[in-house]
Amino acid sequence: MTRAEFMGRLRRGLVGMPTAAAADIASDYEIHFEDGLAAGRTEAEVAAALGDPDRLARELRAEAGAQRWHQEKNPSAAVAAIFAVLGLGAISILFLLPILMSVVGVLFGLFMAAIGVFIGGGAIMVAGPFAGFPGGPLAAILAGLGLMAGSTALAALTAILTIWLVNGVVWFARLHYRLLKPALNTPSQDAA
């Protein structure tokens with residue numbers, strides 16, 4: 001494989017990453033080629049030592065998604081991290097995907113239930129005193145506040161479980177990546 005072929009495949013694999021990050025990565029690999037050529041190696045030897053550019057791009061995207069999640073901790077970063085991990089194409093992910101989707105569905109259902117109970121509690125608190133709530137107006141207000149507090153606790157618990165889930169997926173990705181590639185720098189990269 002030539003330098004141009006390797007770099008073209010790597011750049012195509014990095015599409016979707018922030019432009020500056022993708023450019024930095026491409027620049028690093030250009031330097032590996034320059035150093036390898038200066039050491040008397042051919043483009044094909046350097047490309048072979050660097051590995052499959054498609055696989056390398058998937059691994060770099062997964063790592064970038066994990067880093068973004070650890071920096072930002074927002075829903076967008078969580079989705080990006082999960083899809084970057086799925087991009088690794090690991091066979092084990094295919095086995096975990098149905099379980100992961102089930103857990104995501106339960107968490108989404110809990111969050112929607114928390115919103116519904118919160119709205120219902122607000123309605124009881126506001127309309128209950130005027131609608132003849134059993135126990136009187138004070139009972140309606142307290143029942144409404146209790147439902148709203150309970151739903152807030154449920155939403156908070158759901159958020160914590162969601163963060164644990166995303167952290168677990170990121171941990172799995174890093175474990176998977178380390179098992180496939182024991183070190184980020186191969187001996188050829190250290191020499192280059």
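This is a short tour of a predicted model, moving from a cluster of aromatic rings to a surface patch and then to a serine beside it.

Before selecting anything, note that residues are numbered from 1 along each chain as its sequence is written, and that side-chain values use heavy atoms, with hydrogens and water left out. Because the model is predicted, local features need pLDDT of at least 70 and side-chain atom pairs count only at pLDDT 80 or more, while totals for chains, interfaces and linings use all residues.

**First stop: the ring cluster**

Select Phe6, Tyr29 and Phe33, which ring pairs link into a cluster. Rings of Phe, Tyr and Trp (its six-membered ring) pair if their centres lie within 6.5 Å, and planes under 30 degrees apart count as stacked, over 60 as edge-to-face and the rest as tilted. By this rule the count comes to two aromatic pairs. Phe6 and Tyr29 make a tilted pair, with 6.3 Å from centre to centre and 40° between the planes. This pair links distant parts of the chain, since Phe6 sits in helix α1 (residues 3-13) and Tyr29 in helix α2 (residues 19-38), 23 residues apart; helices here are DSSP runs (H or I, at least four residues), numbered from the N terminus.

Phe6 and Phe33 form an edge-to-face pair, 5.4 Å centre to centre with 65° between the planes. Phe6 belongs to helix α1 and Phe33 to helix α2, so this pair ties together parts that are 27 residues apart in sequence.

Now colour by accessibility, where buried means under 20% relative accessible area, exposed over 50%, and partly exposed in between (1.4 Å probe, protein chains only). Phe6 is buried at 0%, Tyr29 is buried at 8%, and Phe33 is buried at 0%.

**Second stop: the nonpolar patch**

Select Phe108, Phe111, Met112, Ile115, Phe118 and Ile119, which make a nonpolar surface patch of about 570 Å². In such a patch, residues have over 30% relative accessible area and no salt bridge, and nonpolar side chains (Val, Leu, Ile, Met, Phe, Trp, Tyr) are joined within 5 Å, as like charges are within 9 Å; a salt bridge is a side-chain nitrogen of Lys or Arg within 4 Å of a carboxyl oxygen of Asp or Glu. Phe118, found in helix α6 (residues 91-127), counts as partly exposed at 37% relative accessibility.

**Last stop: Ser151**

From Phe118, move to Ser151 in helix α7 (residues 137-180). Which residues does Ser151 touch, not counting those up to four places away in sequence? With contact meaning heavy atoms within 4.5 Å, Ser151 touches Ala114, Val117 and Phe118. Ser151 is buried, with a relative accessible area of 3%.

Definitions and conventions. Areas by Shrake-Rupley, 256 points an atom, 1.4 Å probe, with all protein chains shown as cover. Helix = DSSP H or I, 4+ residues; strand = E, 2+ residues; numbered from the N terminus.
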